[in-house]
Amino acid sequence: MDSKRYAGEQLLSAWLTLSSTLWNERVVTGMTFNEAFVCNLLTHQAKEAPDRPLTATDLCERTRLLKSQMNKVLSEMEKKGYLQRLRSDKDKRQIFLHLTDAGREAYAREHAGITAILDHLVSDIGEEKALAAADVVNEICRSLKKIDTL
């Protein structure tokens with residue numbers, strides 16, 4: 001096996017191991033992974049650009065979920081009282097998504113648990129390796145977004 005193929009196989013193995021570890025350890029316990037992901041995106045958007053709320057289409061692009069999957073996630077979040085859909089005043093075709101107080105509180109609880117895990121992880125591997133790993137993961141994500149076949 002050539003070195004490029006070997007590197008790719010090692011990356012795939014590490015990726016699958018990390019994914020299964022995160023899934024099996026149930027990092028998120030009070031809501032589904034996708035609900036937590038949506039809450040994270042809505043929370044960051046509200047802080048970074050409160051004048052530009054997200055739509056379901058925006059969330060599909062950022063999460064790479066299919067529209068049908070996203071609609072299911074959003075409907076469940078709405079049933080739980082975590083999410084509110086508000087029609088745009090300017091363009092009635094657009095529906096903006098906002099976390100409710102209950103949604104923000106539920107996500108804050110999940111985030112606190114995740115933060116505790118991350119604190120342990122950073123203590124274990126060190127800040128330098130944690131930041132380097134974050135840089136590598138972000139670089140991988142940017143590279144994957146360039147590939148048209150995904």
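Which residues does Met-70 touch, not counting residues up to four places away in sequence? With contact meaning heavy atoms within 4.5 Å, Met-70 touches Val-38, Ala-56, Leu-59, Cys-60, Thr-63 and Leu-65. This is a predicted model, in which local features need pLDDT of at least 70 and side-chain atom pairs count only at pLDDT 80 or more, while totals for chains, interfaces and linings use all residues. Residues are numbered from 1 along each chain as its sequence is written, and side-chain values use heavy atoms, with hydrogens and water left out.

**Nonpolar core**
- The largest nonpolar core (buried Ala, Val, Leu, Ile, Met, Phe, Trp, Tyr and Cys residues joined through side-chain atoms within 4.5 Å) has 20 residues, of which Val-38, Leu-42, Leu-59, Met-70, Leu-74 and Met-77 touch the most other members.
- Two or more residues each come from helix 2 (33-48), helix 3 (56-63), helix 4 (67-79), strand 2 (95-99) and helix 5 (101-125); helices (H or I, at least four residues) and strands (E, at least two) are DSSP runs, numbered from the N terminus.
- Helix 2 contributes the most to this core, with five residues.

**Glu-35**
- Glu-35 lies in helix 2.
- Glu-35 has a relative accessible area of 3% and is therefore buried, a word that means under 20%, whereas exposed means over 50% and partly exposed in between (1.4 Å probe, protein chains only).
- Not counting residues up to four places away in sequence, Glu-35 touches Val-73, Glu-76, Met-77 and Lys-80.

**Leu-118**
- Leu-118 belongs to helix 5.
- Leu-118 counts as partly exposed because its relative accessibility is 43%.
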